[in-house]
Structure formats: structure tokens, C-alpha cells
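Hello,

Here is the structure I promised to hand over. My notes follow it.

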Amino acid sequence: LCTIILDEFRTLLHQIQNTEALIKKYLSLISEQKRSLISPEMCNIEKPFPAIYQKYNEVLLSRNAIDYDDILFFAYLILLENLRVVELYNIIYPHIIINESHYLNYPQYCAIQALCGHDFNNIMMVGDENQSIPAFNGSSSKYMSEFFIRDFNPTIYNLDYNYRSAKQIIQFSNSLTGNLDDISKYFYNGELSINSYENELAEALSVRHKIESLVGKCHDDIECPLDYNDFAVIARNKYSFSHIEKEFNAEKIPFFYKRTQSGILFETDFMEAFELILRLILNPNDLFHRQKLCQLTFQNFSANADYKDIQSSIEQMLRQTKFAWLNSALPHISATDNFNFDHALNALNNNMPSDLSDDVRYFLVNDIEEWRKHWNIYKKLITSEKRTLKSFRIAISLGRTQEINEITGVTLLTAHTLNGSEFEVIFVIGLTEGTFPDYRAIKNDDDDFSLSLEKINMNLAVTSAKRLCYLSYPKIKKMPWGEDKIQNPSRFISCQNDGA
């Protein structure tokens, strides 16, 4: 939709060079204006931007559509201009609580003000300034700690004594983030240790032994006997769990993966591109995923391009890029015929570039193997004569190709599936450079934002532990092709005392 809209006001820019860069600039400006609750009529940016902003909104309206920023913009206008709507909501909801208030941004706070009107004061905000991430969508803790106090004159309750987290965990968090959280306000001492092991198997054995030594017992800092549901193992990516799985299965320790969605998540841009290719083979008119593939491969995108022979078009698109080797799988993939995905995966394995770094190669081999796991489960569900690309993709989307686990026992989760989870005991494994932080963040070392997000993920992983937290890394990692590779401890723990 965005592309269609852009095409309709592209004529306004036809005399300007580097149009694509300018369009991206204007889209960003439109978003900024909407987040500031500024309409085209009130916009004071120099021409031709106001006309472009106005045309953008008109095309959206003509298609009965809104964009993401409009959700708050129009909600705010409805509340601001229709006092009876505000009165109705005040009657239906006599109390308002805003959780995670340190993440509020300007339009959200304005919408809250409009919802409360002039007389409604039954509102409470809960938040922690230390958890604020200013780069997140314009959020700032000032809307909670300054503006809310100024506008609503609330009673302030400082929850100084903390019974949720332990001193040693917060002390590590402070050293990681630079926060000055007073650990004397935390009731429990807790435990945090950093350990190194000879290899991933030794690391997995240690996790297993520690769980076995704690389960069913009490701890000085934990009120009730621990059961398996009180434990979690966190890794930066899903491929770090292979030895953990084997050890837990061998000793019949119950465990499950926390997943947020069906489908497959990949660790390399190569397999992201390959998935987009499969989507386009199934639906050549899929403008959205075609544009994503163009962005990934740095190719020019045209909504009006002829894609009748989709495989030839994809082959041409990839030919002069680092993704060209993916073309080796195309002869084995068809949208209409019965197909054997093993042939496509074998082609990928056999034509993999030889100049990849060990980090990229490690994740790429595992990404391809992840495809194979889903395909092998699919083959058990569907007879050979009925196997098609379409039914395979549908099975993946419905989660039918996921390995089924009972949702009980030790939780295995990646840094991206934490989502506010908390456990009495946490193990964070695989803390090596290139794994956590991720190799892509290290490769772009000048990109402070990528590394800061990795640090936030690390802090969230550690502070998911209420009482006990065990951080570890292997000194040697066995690569999928059999080579042993020496590992360096993560920068997030290398400055700490090694407890090994």
C-alpha cells in the first residue's frame, strides 16, 4: 500500500534527483509529524513537504486505510473533539492504570490526557526510570516522572524496598548498564556467578547438574522448594541449545521451548532471502515480500515490473549480489508441481560460498538444517504425491512442523522471546563474542545502536532471574563442519571476575 501511495505522489518529485532517498526522508518526516500530532495544515516544514504530506493522507483516505502512526493520531483527535466519548469511557472505566509508564511517548501521553478530560483523576502510573529506553519510538520517562506530576498532581509512592530481585543480580546489572541502582534497597542477597567450561558439552553438563542439585530443595533466598518450572535457560540464539537438549533428554528432565509465533526464525540474511524467494514463487504478485527482497539484496524496486516468469526474475535479481548462490536451489522448486525439498536444501549445502566467516557459516549451516527439520516433520504428515510448496508453507505457518513439547518443566528461550518472563533461577549460556553479542552487531562496531540493543538484551536476560543467575561460556565451540574454534568471552562478562 505504501508503495502504491508513493507512486501516486512521485510525480511531485520527478524533477528531483535521488528520488528514492528523498522519499525515505519524507516518509520519516511524515511519521515524525504524526508522532508530534501535527497535521499537514499545521506543518511548518518548507515546501514541497506539506503538499506531499497532504497527498499521502488523501490517498490513505481514498483507500479506507490508515498507517501505524495514525492509530494514535486519530484516537487522540476522537477524544479531543468528542467530549461525550470521553464521558462515556470515564463511566465505563472508573479507574485507569498505565503500566510500564517509563515507555510513554508524546502522542501516548496526549491521548491519556484527552481520555481523562478536565475532571477525571482516578489514574495511576507505574514505572521505573532505570528501565527507560529513550531510542524506543520517542519514549521518555519524563512523561511519567515530570509531566504526569505537573498535570495531575498525584500522590507519589516510591517502592524503595525490592523483594523481586536479588542484590548480586542488580549489582551485575548496574555494572553492565552504568545505572546507580542502590542495592541496599534489595532484600535478598541472591547469587550470580560467571563460569567458563572447556566446551559446550561441559557447559550443558554443568547446567544439568546444577538443576539436579537444586530441584526439590529450598534455598536461603527462595521461600518454597524449587520445581522444574522455576528454572530457565536463556541463549542469544536457538542453535546454542543442542547440548542442553541432549542432556535434558538423557536424564529425563522435562523442558520446553518458549515460542512467540509459528514459522521459522533465521539467523542469517541468506535464509531470510531464501524464505522471501519461496513466498514470491508461490505468489509473484506479492508486492510486500518482493520489496523486502529488493531491500535485502540492494536492488531497485518497481511495483509495475513484469514478474510473469518469477524464477527467471529472481535469478536475474540475485545474479550480481552475494545471494547469487541461492539460484542453485531454484530448479528444484516449483509452485505447481509435486516437489522434493531435500534436493533444494542439498543444492544450498553444495553451493555455499567458500569465503564466509566462521560466524556466518556456523549460522548458515544451522539455518539450512532448521529448514530440513521442518521438512522432515512435514514428510511424516503428507504423502509424497501430495507434497507441494504451498502445503509445506501452510504447514509451517500453522505450526504443524514445530516439534511438539508439553508446556511444563525447564523453559528454554532466546533473548528475543523473554517478553517480561521471570524465574527463580536463570542460566545464560553461550556468552562468547559473536554469539552474545551477536556477530552482526560486532561486525558493525561503529553502530552503537546495535550494540546497545545487545546490551539491553543481556540485561533483560540477567534480570529475568529473581534470585539465582548463572552465566557461562565455552572456551571451545565445535563448528558444524567438525572444526574446533577457540572462543573469547563476551564483552558483557569479560570485565567481571571469572568464577571458573
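Is strand 9 (residues 423–428) largely enclosed by the rest of the structure or not, and why? Strand 9 is largely enclosed, because 6 of its 6 residues are buried. Buried means under 20% relative accessible area, with a 1.4 Å probe and protein chains only. Strands are DSSP runs of E with at least two residues, helices are runs of H or I with at least four, and both are numbered from the N terminus.

Before the rest, two notes on the source. This is a predicted model: local features need pLDDT of at least 70, side-chain atom pairs count only at pLDDT 80 or more, and totals for chains, interfaces and linings use all residues. Residues are numbered from 1 along each chain as its sequence is written, and side-chain values use heavy atoms, with hydrogens and water left out.

Strand 9 has these partners. Strand 6 (residues 231–235) pairs with strand 9 in the parallel sense, over 4 bridges. There, F231 stands opposite V425. Strand 10 (residues 465–478) also runs parallel to strand 9, joined by 5 bridges. In that pairing V428 faces L471 of strand 10. Pairing requires at least two DSSP bridges between the strands.

Now the enclosed space. There is 1 cavity of 30 Å³ or more, with a volume of about 100 Å³. Its lining includes E200, H243, I429 and K477. Helix 9 (200–214), helix 10 (242–250) and strand 10 each give two or more residues to that lining. The largest share, 3 residues, comes from helix 9. On a 1 Å grid over the protein atoms alone, a cavity is a set of points where a 1.4 Å probe fits but cannot get out; a pocket is an open set with protein on both sides within 12 Å along at least five of seven lines; lining residues have an atom within 4 Å of a point. Grid points are joined across faces, edges and corners, and a volume is the space filled by probe spheres set on the points.

Next, a pocket. The second largest pocket has a volume of about 1100 Å³. It is lined by 41 residues, and N237, K238, Y239, Y257 and E370 are the closest to its centre. Helix 10, helix 15 (358–381) and strand 8 (410–414) each supply at least two lining residues. Helix 15 gives the largest share, 7 residues.

Over to you.

Notes:
Buried means under 20% relative accessible area, exposed over 50%, partly exposed in between (1.4 Å probe, protein chains only).
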